[in-house]
Amino acid sequence: MSARRLAAPLAAAIACAVAGPAYGQAGVSYSIPPDNPFVGRAGAAPEIYAYGLRNPYRFSFDSATGDLVIGDVGGGAREEIDWLTLQAARGANFGWPCREGRIEGPRPDKCPVPGAVEPVFDYERQPNTSVSVIAGYVVRDPAFAGLGGRLLYADYFAGEIFSLPHVANPTPQTTGVTLPNLSSFAQTPSGALYAVHQGDGKVYRLVAGPSSGTLATQAVAGSYDAPTYVAEPPGDPGRLFVVEQTGAIRTVGASTPFLNISDLVSTGGERGLLSMAFAPDYATSGRFYVYYTNTAGNIQIDEFRRSADPSVADRNSRRPVLSIPHPEEANHNGGQLQFGPDGYLYAGTGDGGGQEDQHNNAQDLSKKLGKLLRIDPAQPSPGGGGGPTPPARDVTPPLLRTRVAKRQRVLKLHGVLAHARCDERCALAMSGRVRVGRHAYKLRRATKTAAAGTRRTIKARLTRRASRAVRRALRRHRKVTAVVGLRATDAAGNRSRLARARVRARL
(Lines give C-alpha, C1' and ligand atoms only; values in the text may rest on other atoms or scores of the structure.)
Protein backbone atom coordinates (compact mmCIF):
# COMPACT_ATOMS: atom_id res chain seq x y z
CA MET A 1 0.00 0.00 0.00
CA SER A 2 1.58 3.31 -1.04
CA ALA A 3 1.97 6.10 1.50
CA ARG A 4 -0.69 8.81 1.37
CA ARG A 5 0.57 12.26 0.36
CA LEU A 6 -0.38 14.68 3.09
CA ALA A 7 -0.16 18.43 3.53
CA ALA A 8 2.48 17.99 6.23
CA PRO A 9 2.68 21.60 7.45
CA LEU A 10 -1.11 21.80 7.78
CA ALA A 11 -1.28 18.45 9.58
CA ALA A 12 1.48 19.50 11.96
CA ALA A 13 -0.24 22.79 12.68
CA ILE A 14 -3.51 21.02 13.47
CA ALA A 15 -1.71 18.58 15.79
CA CYS A 16 0.04 21.36 17.70
CA ALA A 17 -3.09 23.46 18.00
CA VAL A 18 -5.10 20.59 19.45
CA ALA A 19 -2.38 19.15 21.63
CA GLY A 20 -1.24 22.13 23.62
CA PRO A 21 1.71 22.21 26.01
CA ALA A 22 0.43 19.37 28.24
CA TYR A 23 0.06 16.89 25.40
CA GLY A 24 0.67 13.29 26.43
CA GLN A 25 1.49 13.92 30.08
CA ALA A 26 0.38 11.44 32.72
CA GLY A 27 -1.83 13.23 35.22
CA VAL A 28 -2.83 15.81 32.60
CA SER A 29 -4.10 14.09 29.43
CA TYR A 30 -4.56 10.69 31.12
CA SER A 31 -4.05 9.04 34.51
CA ILE A 32 -1.95 6.13 35.73
CA PRO A 33 -3.87 3.36 37.51
CA PRO A 34 -2.40 3.33 41.01
CA ASP A 35 -1.98 -0.47 41.01
CA ASN A 36 0.07 -0.60 37.79
CA PRO A 37 3.08 -2.83 38.53
CA PHE A 38 5.83 -0.26 37.90
CA VAL A 39 4.31 2.75 39.61
CA GLY A 40 6.99 4.28 41.81
CA ARG A 41 9.90 2.33 40.34
CA ALA A 42 12.75 4.66 39.44
CA GLY A 43 13.33 4.92 35.70
CA ALA A 44 10.29 2.83 34.74
CA ALA A 45 7.37 4.11 32.67
CA PRO A 46 4.35 3.76 34.98
CA GLU A 47 2.01 3.07 32.04
CA ILE A 48 3.57 -0.39 31.55
CA TYR A 49 1.50 -3.40 32.60
CA ALA A 50 3.61 -6.13 30.91
CA TYR A 51 6.71 -6.13 28.69
CA GLY A 52 9.09 -8.21 26.58
CA LEU A 53 6.81 -8.30 23.52
CA ARG A 54 7.76 -8.05 19.85
CA ASN A 55 4.60 -6.89 18.11
CA PRO A 56 1.34 -7.71 19.95
CA TYR A 57 -0.80 -6.61 16.99
CA ARG A 58 -3.98 -8.19 18.42
CA PHE A 59 -5.00 -9.15 21.94
CA SER A 60 -8.32 -9.71 23.69
CA PHE A 61 -10.03 -10.44 26.99
CA ASP A 62 -12.18 -13.49 27.69
CA SER A 63 -15.67 -12.06 28.20
CA ALA A 64 -16.49 -14.72 30.84
CA THR A 65 -13.28 -14.95 32.89
CA GLY A 66 -11.39 -11.73 32.07
CA ASP A 67 -8.33 -13.75 31.00
CA LEU A 68 -5.88 -12.00 28.67
CA VAL A 69 -4.95 -13.47 25.28
CA ILE A 70 -2.06 -11.99 23.25
CA GLY A 71 -0.97 -12.95 19.76
CA ASP A 72 2.68 -11.87 19.56
CA VAL A 73 4.28 -11.76 16.12
CA GLY A 74 7.64 -13.53 16.14
CA GLY A 75 10.86 -13.03 14.23
CA GLY A 76 12.02 -15.62 11.74
CA ALA A 77 11.18 -18.69 13.80
CA ARG A 78 7.97 -18.77 15.89
CA GLU A 79 4.60 -17.07 16.31
CA GLU A 80 3.11 -17.30 19.79
CA ILE A 81 -0.15 -17.09 21.71
CA ASP A 82 -0.06 -16.12 25.38
CA TRP A 83 -3.16 -16.92 27.47
CA LEU A 84 -3.15 -16.10 31.17
CA THR A 85 -5.14 -14.41 33.90
CA LEU A 86 -5.00 -10.65 34.03
CA GLN A 87 -3.40 -10.82 37.48
CA ALA A 88 -0.68 -13.19 36.21
CA ALA A 89 0.06 -10.72 33.39
CA ARG A 90 0.64 -7.90 35.87
CA GLY A 91 4.36 -7.07 35.60
CA ALA A 92 4.99 -10.14 33.42
CA ASN A 93 7.97 -10.37 31.08
CA PHE A 94 7.25 -12.32 27.90
CA GLY A 95 10.93 -12.71 27.11
CA TRP A 96 11.51 -11.11 23.68
CA PRO A 97 14.20 -10.98 22.27
CA CYS A 98 15.83 -13.50 24.62
CA ARG A 99 12.90 -15.85 23.92
CA GLU A 100 10.86 -16.39 20.75
CA GLY A 101 7.87 -18.60 21.35
CA ARG A 102 9.08 -21.61 23.32
CA ILE A 103 12.61 -21.52 21.95
CA GLU A 104 15.71 -19.38 22.37
CA GLY A 105 15.40 -15.97 20.77
CA PRO A 106 17.82 -14.14 18.48
CA ARG A 107 19.48 -12.02 21.21
CA PRO A 108 21.42 -14.05 23.81
CA ASP A 109 22.88 -10.75 25.03
CA LYS A 110 19.39 -9.98 26.45
CA CYS A 111 19.40 -13.20 28.47
CA PRO A 112 18.64 -14.47 30.98
CA VAL A 113 15.05 -13.39 31.58
CA PRO A 114 14.12 -14.97 34.92
CA GLY A 115 10.49 -16.09 35.07
CA ALA A 116 9.75 -15.30 31.43
CA VAL A 117 6.17 -16.22 30.52
CA GLU A 118 6.06 -19.24 28.23
CA PRO A 119 3.33 -19.11 25.58
CA VAL A 120 0.40 -21.49 25.74
CA PHE A 121 0.96 -22.26 22.06
CA ASP A 122 3.41 -21.42 19.30
CA TYR A 123 3.85 -22.47 15.71
CA GLU A 124 6.84 -22.61 13.43
CA ARG A 125 7.49 -20.51 10.38
CA GLN A 126 7.96 -22.74 7.35
CA PRO A 127 10.70 -21.98 4.79
CA ASN A 128 9.84 -19.38 2.14
CA THR A 129 6.58 -18.39 3.82
CA SER A 130 5.37 -15.25 5.56
CA VAL A 131 3.65 -15.54 8.93
CA SER A 132 1.95 -13.14 11.31
CA VAL A 133 -0.31 -14.46 14.07
CA ILE A 134 -3.72 -12.82 14.61
CA ALA A 135 -5.20 -13.54 18.03
CA GLY A 136 -8.96 -13.70 18.21
CA TYR A 137 -11.47 -14.15 21.02
CA VAL A 138 -12.57 -16.92 23.35
CA VAL A 139 -15.94 -18.21 22.12
CA ARG A 140 -18.68 -17.84 24.73
CA ASP A 141 -21.83 -17.89 22.61
CA PRO A 142 -23.55 -21.28 23.22
CA ALA A 143 -24.77 -21.23 19.61
CA PHE A 144 -21.26 -22.31 18.53
CA ALA A 145 -21.39 -26.06 19.23
CA GLY A 146 -18.01 -27.56 20.06
CA LEU A 147 -16.27 -24.17 20.33
CA GLY A 148 -17.27 -23.01 23.81
CA GLY A 149 -14.25 -21.86 25.81
CA ARG A 150 -11.93 -22.22 22.81
CA LEU A 151 -9.85 -19.38 21.35
CA LEU A 152 -10.11 -18.47 17.68
CA TYR A 153 -6.90 -17.46 15.94
CA ALA A 154 -5.45 -17.30 12.43
CA ASP A 155 -2.36 -16.25 10.55
CA TYR A 156 -2.68 -13.04 8.55
CA PHE A 157 -1.20 -14.54 5.39
CA ALA A 158 -2.70 -18.06 5.30
CA GLY A 159 -6.01 -17.01 6.88
CA GLU A 160 -7.11 -20.47 8.06
CA ILE A 161 -9.10 -20.02 11.29
CA PHE A 162 -8.28 -22.46 14.08
CA SER A 163 -9.71 -23.01 17.55
CA LEU A 164 -7.52 -23.69 20.56
CA PRO A 165 -8.44 -25.07 24.01
CA HIS A 166 -6.96 -23.56 27.18
CA VAL A 167 -4.99 -26.63 28.29
CA ALA A 168 -1.33 -27.56 28.55
CA ASN A 169 0.18 -28.31 25.14
CA PRO A 170 -3.07 -27.66 23.24
CA THR A 171 -3.77 -29.08 19.80
CA PRO A 172 -5.45 -26.62 17.40
CA GLN A 173 -8.43 -27.71 15.33
CA THR A 174 -9.44 -26.17 12.03
CA THR A 175 -12.85 -24.51 11.88
CA GLY A 176 -13.17 -25.05 8.14
CA VAL A 177 -12.99 -21.32 7.30
CA THR A 178 -10.09 -19.66 5.44
CA LEU A 179 -9.84 -15.91 4.78
CA PRO A 180 -6.34 -14.99 3.50
CA ASN A 181 -5.10 -11.58 4.69
CA LEU A 182 -7.28 -11.75 7.80
CA SER A 183 -6.37 -8.62 9.76
CA SER A 184 -8.54 -8.92 12.86
CA PHE A 185 -11.31 -10.67 14.75
CA ALA A 186 -14.02 -8.91 16.72
CA GLN A 187 -16.50 -9.92 19.41
CA THR A 188 -19.55 -7.83 20.27
CA PRO A 189 -20.90 -7.40 23.81
CA SER A 190 -23.58 -9.98 22.97
CA GLY A 191 -20.96 -12.55 21.92
CA ALA A 192 -21.32 -12.29 18.11
CA LEU A 193 -18.06 -12.92 16.24
CA TYR A 194 -16.61 -11.22 13.15
CA ALA A 195 -13.51 -11.50 10.97
CA VAL A 196 -11.98 -8.64 8.96
CA HIS A 197 -10.66 -9.65 5.55
CA GLN A 198 -8.22 -7.24 3.98
CA GLY A 199 -7.90 -9.53 0.98
CA ASP A 200 -11.28 -8.52 -0.44
CA GLY A 201 -12.11 -5.51 1.77
CA LYS A 202 -14.99 -7.34 3.45
CA VAL A 203 -16.19 -7.99 6.98
CA TYR A 204 -17.66 -11.43 7.70
CA ARG A 205 -19.86 -12.55 10.54
CA LEU A 206 -18.78 -15.95 11.84
CA VAL A 207 -21.66 -18.36 12.44
CA ALA A 208 -21.94 -22.00 13.47
CA GLY A 209 -20.79 -24.39 10.76
CA PRO A 210 -22.32 -27.64 9.53
CA SER A 211 -20.73 -29.77 12.27
CA SER A 212 -19.51 -29.36 15.83
CA GLY A 213 -16.39 -27.22 16.11
CA THR A 214 -16.74 -25.67 12.65
CA LEU A 215 -17.66 -22.21 11.39
CA ALA A 216 -19.31 -20.64 8.38
CA THR A 217 -19.31 -17.01 7.19
CA GLN A 218 -21.94 -14.43 6.30
CA ALA A 219 -20.71 -11.31 4.47
CA VAL A 220 -21.60 -7.99 6.08
CA ALA A 221 -22.93 -5.29 3.74
CA GLY A 222 -20.36 -3.01 2.13
CA SER A 223 -16.79 -3.07 0.89
CA TYR A 224 -14.02 -1.19 2.69
CA ASP A 225 -10.61 0.33 1.98
CA ALA A 226 -8.01 -1.91 3.68
CA PRO A 227 -10.16 -2.67 6.76
CA THR A 228 -8.18 -3.31 9.93
CA TYR A 229 -10.78 -3.64 12.69
CA VAL A 230 -14.49 -3.80 13.47
CA ALA A 231 -16.29 -2.89 16.71
CA GLU A 232 -19.76 -2.56 18.17
CA PRO A 233 -20.39 -0.01 20.94
CA PRO A 234 -21.90 -1.11 24.24
CA GLY A 235 -25.58 -0.30 24.51
CA ASP A 236 -26.05 -0.04 20.72
CA PRO A 237 -26.47 -3.63 19.45
CA GLY A 238 -26.30 -4.18 15.73
CA ARG A 239 -24.41 -0.96 14.87
CA LEU A 240 -21.04 -2.02 13.48
CA PHE A 241 -18.10 0.31 12.91
CA VAL A 242 -15.37 -0.65 10.44
CA VAL A 243 -11.89 0.88 10.78
CA GLU A 244 -10.02 1.56 7.53
CA GLN A 245 -6.22 1.65 7.52
CA THR A 246 -6.28 4.79 5.38
CA GLY A 247 -7.86 6.85 8.18
CA ALA A 248 -11.64 6.55 8.15
CA ILE A 249 -14.17 4.77 10.37
CA ARG A 250 -17.41 3.76 8.66
CA THR A 251 -20.70 2.53 10.00
CA VAL A 252 -22.05 -0.51 8.18
CA GLY A 253 -24.91 0.62 5.96
CA ALA A 254 -24.05 4.35 6.09
CA SER A 255 -23.00 6.31 3.00
CA THR A 256 -20.73 8.81 4.81
CA PRO A 257 -17.87 8.09 7.24
CA PHE A 258 -18.48 8.18 10.98
CA LEU A 259 -15.02 9.79 11.30
CA ASN A 260 -12.30 10.72 8.82
CA ILE A 261 -8.81 11.60 10.12
CA SER A 262 -6.84 10.59 7.03
CA ASP A 263 -4.97 13.91 7.15
CA LEU A 264 -3.53 12.93 10.55
CA VAL A 265 -2.58 9.36 9.64
CA SER A 266 0.51 7.98 7.93
CA THR A 267 -0.21 4.80 5.99
CA GLY A 268 1.62 2.12 4.10
CA GLY A 269 2.83 -1.32 5.22
CA GLU A 270 2.06 -1.69 8.93
CA ARG A 271 1.20 1.97 9.47
CA GLY A 272 -2.26 3.49 9.48
CA LEU A 273 -5.44 3.68 11.54
CA LEU A 274 -5.27 0.33 13.32
CA SER A 275 -8.11 0.03 15.85
CA MET A 276 -10.70 1.78 17.99
CA ALA A 277 -12.28 1.20 21.40
CA PHE A 278 -15.57 2.49 22.78
CA ALA A 279 -15.58 3.69 26.39
CA PRO A 280 -17.70 1.44 28.64
CA ASP A 281 -20.03 4.42 29.21
CA TYR A 282 -20.24 5.27 25.48
CA ALA A 283 -24.06 5.23 25.57
CA THR A 284 -24.02 8.33 27.78
CA SER A 285 -20.58 9.92 27.26
CA GLY A 286 -20.12 9.29 23.51
CA ARG A 287 -16.37 8.81 24.12
CA PHE A 288 -14.26 6.52 21.95
CA TYR A 289 -10.55 6.11 21.30
CA VAL A 290 -8.48 5.48 18.17
CA TYR A 291 -5.00 4.01 17.71
CA TYR A 292 -2.97 5.12 14.67
CA THR A 293 0.43 6.16 13.38
CA ASN A 294 0.61 9.91 12.92
CA THR A 295 2.30 11.81 10.10
CA ALA A 296 5.63 11.64 11.95
CA GLY A 297 5.32 7.85 12.23
CA ASN A 298 4.70 7.94 15.99
CA ILE A 299 2.06 5.85 17.72
CA GLN A 300 -0.90 7.99 18.67
CA ILE A 301 -3.98 7.44 20.85
CA ASP A 302 -6.70 10.10 20.61
CA GLU A 303 -10.11 10.57 22.18
CA PHE A 304 -13.15 11.65 20.16
CA ARG A 305 -16.83 12.03 20.96
CA ARG A 306 -19.87 11.34 18.84
CA SER A 307 -21.91 14.33 17.75
CA ALA A 308 -25.59 15.02 18.36
CA ASP A 309 -26.16 12.78 15.34
CA PRO A 310 -25.13 9.27 16.57
CA SER A 311 -24.10 8.30 13.05
CA VAL A 312 -21.34 10.95 12.94
CA ALA A 313 -18.45 11.71 15.27
CA ASP A 314 -17.51 15.25 16.23
CA ARG A 315 -14.15 15.75 14.51
CA ASN A 316 -13.54 18.93 16.56
CA SER A 317 -13.78 16.96 19.81
CA ARG A 318 -10.37 15.42 19.18
CA ARG A 319 -8.26 15.24 22.34
CA PRO A 320 -4.79 13.70 22.04
CA VAL A 321 -4.22 11.30 24.93
CA LEU A 322 -0.86 9.62 24.37
CA SER A 323 1.92 9.71 21.79
CA ILE A 324 4.83 7.26 21.69
CA PRO A 325 7.90 8.11 19.58
CA HIS A 326 8.50 5.53 16.84
CA PRO A 327 10.93 7.38 14.56
CA GLU A 328 13.33 4.80 13.18
CA GLU A 329 11.22 2.14 11.44
CA ALA A 330 7.81 1.81 9.76
CA ASN A 331 6.97 -1.65 11.14
CA HIS A 332 6.07 -3.09 14.56
CA ASN A 333 3.55 -0.44 15.58
CA GLY A 334 1.33 -2.81 17.58
CA GLY A 335 -2.20 -1.64 16.99
CA GLN A 336 -4.75 -2.84 19.52
CA LEU A 337 -6.91 -0.92 21.98
CA GLN A 338 -9.19 -2.75 24.42
CA PHE A 339 -10.99 -1.73 27.57
CA GLY A 340 -10.29 -4.44 30.10
CA PRO A 341 -12.72 -5.97 32.59
CA ASP A 342 -11.33 -3.55 35.19
CA GLY A 343 -12.49 -0.50 33.19
CA TYR A 344 -9.00 0.66 32.16
CA LEU A 345 -7.74 1.09 28.60
CA TYR A 346 -5.05 -1.35 27.40
CA ALA A 347 -2.81 -0.80 24.36
CA GLY A 348 -0.31 -3.17 22.75
CA THR A 349 2.80 -1.55 21.25
CA GLY A 350 5.46 -3.03 18.99
CA ASP A 351 9.17 -3.02 19.82
CA GLY A 352 10.04 -0.15 17.49
CA GLY A 353 10.60 -2.14 14.31
CA GLY A 354 13.50 -3.53 12.40
CA GLN A 355 14.67 -7.04 13.26
CA GLU A 356 15.66 -8.71 16.52
CA ASP A 357 14.69 -5.69 18.65
CA GLN A 358 17.63 -3.80 17.18
CA HIS A 359 16.59 -0.63 19.04
CA ASN A 360 16.63 -2.43 22.42
CA ASN A 361 13.13 -1.42 23.51
CA ALA A 362 11.28 -4.58 24.58
CA GLN A 363 13.27 -5.17 27.79
CA ASP A 364 13.77 -1.47 28.60
CA LEU A 365 11.24 -0.39 31.26
CA SER A 366 11.93 3.28 30.55
CA LYS A 367 10.37 2.92 27.07
CA LYS A 368 6.77 2.22 26.10
CA LEU A 369 7.61 0.12 23.02
CA GLY A 370 7.31 -3.66 23.09
CA LYS A 371 4.79 -3.39 25.93
CA LEU A 372 1.24 -3.83 27.07
CA LEU A 373 0.19 -0.44 28.46
CA ARG A 374 -2.66 0.29 30.88
CA ILE A 375 -4.06 3.77 31.48
CA ASP A 376 -7.18 5.66 32.51
CA PRO A 377 -7.70 7.72 29.33
CA ALA A 378 -10.30 10.09 30.78
CA GLN A 379 -8.91 13.58 31.28
CA PRO A 380 -8.07 14.16 34.98
CA SER A 381 -9.32 17.18 36.85
CA PRO A 382 -7.50 20.46 35.95
CA GLY A 383 -3.95 20.46 37.23
CA GLY A 384 -4.18 16.86 38.40
CA GLY A 385 -3.58 18.02 41.96
CA GLY A 386 -5.55 15.20 43.52
CA GLY A 387 -3.62 12.50 41.73
CA PRO A 388 -5.01 10.06 39.21
CA THR A 389 -8.58 8.96 39.70
CA PRO A 390 -9.33 5.46 38.42
CA PRO A 391 -12.56 4.83 36.56
CA ALA A 392 -15.47 3.19 38.30
CA ARG A 393 -14.57 -0.47 38.68
CA ASP A 394 -16.86 -3.43 39.02
CA VAL A 395 -16.36 -4.87 42.52
CA THR A 396 -19.81 -6.43 42.88
CA PRO A 397 -19.90 -10.24 42.69
CA PRO A 398 -22.52 -11.81 40.47
CA LEU A 399 -25.76 -12.89 42.13
CA LEU A 400 -25.92 -16.66 41.71
CA ARG A 401 -29.18 -18.57 42.01
CA THR A 402 -29.15 -22.39 41.96
CA ARG A 403 -31.60 -25.27 42.02
CA VAL A 404 -30.40 -28.81 42.71
CA ALA A 405 -32.88 -31.70 43.07
CA LYS A 406 -32.37 -33.45 46.41
CA ARG A 407 -32.84 -36.93 44.87
CA GLN A 408 -31.30 -37.76 41.49
CA ARG A 409 -30.65 -40.80 39.33
CA VAL A 410 -26.94 -40.16 39.54
CA LEU A 411 -25.89 -43.38 37.84
CA LYS A 412 -28.18 -42.95 34.84
CA LEU A 413 -27.22 -39.28 34.54
CA HIS A 414 -23.51 -40.14 34.88
CA GLY A 415 -23.22 -37.35 37.42
CA VAL A 416 -25.06 -34.70 39.42
CA LEU A 417 -27.19 -32.07 37.69
CA ALA A 418 -27.71 -28.48 38.81
CA HIS A 419 -29.51 -25.48 37.34
CA ALA A 420 -28.00 -22.02 37.79
CA ARG A 421 -28.43 -18.44 36.62
CA CYS A 422 -26.63 -15.13 37.26
CA ASP A 423 -27.83 -11.54 37.21
CA GLU A 424 -24.97 -10.75 34.78
CA ARG A 425 -22.87 -12.67 32.27
CA CYS A 426 -20.81 -15.14 34.26
CA ALA A 427 -18.69 -18.27 34.20
CA LEU A 428 -20.13 -21.15 36.24
CA ALA A 429 -18.01 -23.79 37.93
CA MET A 430 -19.27 -26.92 39.71
CA SER A 431 -17.38 -29.64 41.57
CA GLY A 432 -18.00 -32.06 44.41
CA ARG A 433 -17.69 -35.54 45.83
CA VAL A 434 -19.85 -38.63 45.94
CA ARG A 435 -19.71 -40.75 49.12
CA VAL A 436 -20.24 -44.50 49.07
CA GLY A 437 -19.94 -45.97 52.54
CA ARG A 438 -16.61 -44.89 53.98
CA HIS A 439 -15.18 -43.95 50.57
CA ALA A 440 -15.45 -40.59 48.80
CA TYR A 441 -14.85 -40.05 45.08
CA LYS A 442 -14.27 -36.73 43.33
CA LEU A 443 -16.68 -35.62 40.64
CA ARG A 444 -15.22 -34.18 37.45
CA ARG A 445 -15.25 -30.38 37.63
CA ALA A 446 -17.64 -28.76 35.13
CA THR A 447 -17.65 -25.22 33.72
CA LYS A 448 -20.14 -23.28 31.59
CA THR A 449 -20.89 -19.68 30.72
CA ALA A 450 -24.27 -18.08 31.21
CA ALA A 451 -25.73 -14.92 29.75
CA ALA A 452 -27.39 -12.53 32.19
CA GLY A 453 -30.67 -13.97 33.47
CA THR A 454 -30.34 -17.19 31.44
CA ARG A 455 -30.72 -20.51 33.24
CA ARG A 456 -28.00 -23.04 32.43
CA THR A 457 -27.85 -26.73 33.29
CA ILE A 458 -24.48 -27.93 34.46
CA LYS A 459 -23.32 -31.42 35.40
CA ALA A 460 -20.41 -32.64 37.52
CA ARG A 461 -19.70 -36.08 36.07
CA LEU A 462 -18.85 -39.36 37.77
CA THR A 463 -15.46 -40.88 37.11
CA ARG A 464 -15.36 -44.50 35.97
CA ARG A 465 -14.21 -45.62 39.38
CA ALA A 466 -17.00 -43.70 41.08
CA SER A 467 -19.58 -45.14 38.65
CA ARG A 468 -18.58 -48.70 39.52
CA ALA A 469 -18.76 -47.99 43.25
CA VAL A 470 -22.18 -46.27 42.95
CA ARG A 471 -23.56 -49.12 40.83
CA ARG A 472 -22.50 -51.77 43.37
CA ALA A 473 -23.90 -49.77 46.28
CA LEU A 474 -27.27 -49.06 44.70
CA ARG A 475 -27.74 -52.69 43.71
CA ARG A 476 -27.17 -53.61 47.36
CA HIS A 477 -29.56 -50.85 48.48
CA ARG A 478 -26.83 -48.93 50.27
CA LYS A 479 -26.88 -45.20 50.82
CA VAL A 480 -25.08 -43.03 48.26
CA THR A 481 -24.85 -39.24 48.69
CA ALA A 482 -23.14 -36.45 46.82
CA VAL A 483 -22.15 -32.97 47.96
CA VAL A 484 -21.64 -30.37 45.23
CA GLY A 485 -20.56 -26.73 45.21
CA LEU A 486 -21.29 -24.07 42.59
CA ARG A 487 -19.66 -20.70 42.12
CA ALA A 488 -19.98 -17.91 39.53
CA THR A 489 -17.29 -15.49 38.31
CA ASP A 490 -17.99 -12.34 36.30
CA ALA A 491 -15.80 -10.68 33.66
CA ALA A 492 -14.14 -8.45 36.26
CA GLY A 493 -13.04 -11.48 38.26
CA ASN A 494 -15.56 -11.04 41.08
CA ARG A 495 -16.67 -14.38 42.53
CA SER A 496 -19.99 -15.27 44.11
CA ARG A 497 -20.36 -17.12 47.37
CA LEU A 498 -20.07 -20.89 47.13
CA ALA A 499 -23.52 -22.48 46.87
CA ARG A 500 -23.59 -26.00 48.34
CA ALA A 501 -26.14 -28.77 47.90
CA ARG A 502 -26.53 -32.38 49.08
CA VAL A 503 -28.01 -35.02 46.77
CA ARG A 504 -29.26 -38.53 47.55
CA ALA A 505 -28.65 -41.01 44.72
CA ARG A 506 -31.49 -43.31 43.65
CA LEU A 507 -32.01 -45.98 41.02
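Let's call a residue buried when its relative accessible area is under 20%, exposed when that area is over 50%, and partly exposed in between, using a 1.4 Å probe and protein chains only. By that yardstick, 53% of the 507 residues of the protein are buried.

Before you click around: this is a predicted model, in which local features need pLDDT of at least 70, side-chain atom pairs count only at pLDDT 80 or more, and totals for chains, interfaces and linings use all residues. Residues are numbered from 1 along each chain as its sequence is written, and side-chain values use heavy atoms, with hydrogens and water left out.

**Stop 1: the whole chain**

Start with a cartoon view. You should find 5 helices and 35 strands; these are DSSP runs numbered from the N terminus, with helices being H or I of at least four residues and strands E of at least two. The radius of gyration is 25 Å, close to the 23 Å from the globule rule for 507 residues, so the protein is as compact as a globular protein of that length. That radius is taken over C-alpha atoms, and the rule is 2.2 Å times the number of residues to the power 0.38. Along the principal axes, the C-alpha trace spans about 90 × 55 × 50 Å.

Now think about contacts, meaning heavy atoms within 4.5 Å. Among those between residues at least 6 apart in sequence, 56% join residues at least 24 apart.

**Stop 2: the cores**

Select I161, F185, I249, I261, M276, F288 and V290. These have the most contacts inside the largest nonpolar core, which has 38 residues. A nonpolar core here is a set of buried Ala, Val, Leu, Ile, Met, Phe, Trp, Tyr and Cys residues joined through side-chain atoms within 4.5 Å.

Zoom in on I161. Leaving aside residues up to four places away in sequence, its contacts include L152, Y153, Q173, V177, L182, F185, L206 and L215. Apart from this core lies another, of 33 residues; to find it, select V416, M430, L462 and V484, which are among its members.

**Stop 3: two cis prolines**

Go to W96 and P97, where the peptide bond is cis, with omega near 5 degrees. P97 sits in the loop between α2 (86-89) and β5 (99-100). Then jump to C111 and P112, also joined by a cis peptide bond, with omega about 0 degrees. Look for P112 in the loop between β6 (103-104) and β7 (121-124).

**Stop 4: positive phi without glycine**

Which loop holds D357? The one between β25 (345-348) and β26 (371-375). D357 is not a glycine, yet has a positive phi of about 50 degrees. Its relative accessible area is 1%, so D357 is buried.

Finish at H414, in the loop between α4 (410-413) and β29 (415-422). H414 is not a glycine either, and its phi is positive, at about 65 degrees. Is H414 buried or partly exposed? Partly exposed, because its relative accessibility is 44%. Not counting residues up to four places away in sequence, H414 touches A460, R461 and L462. For a last distance, pick N361 too: H414 and N361 are 53 residues apart along the chain, and their C-alpha atoms are separated by 55 Å.
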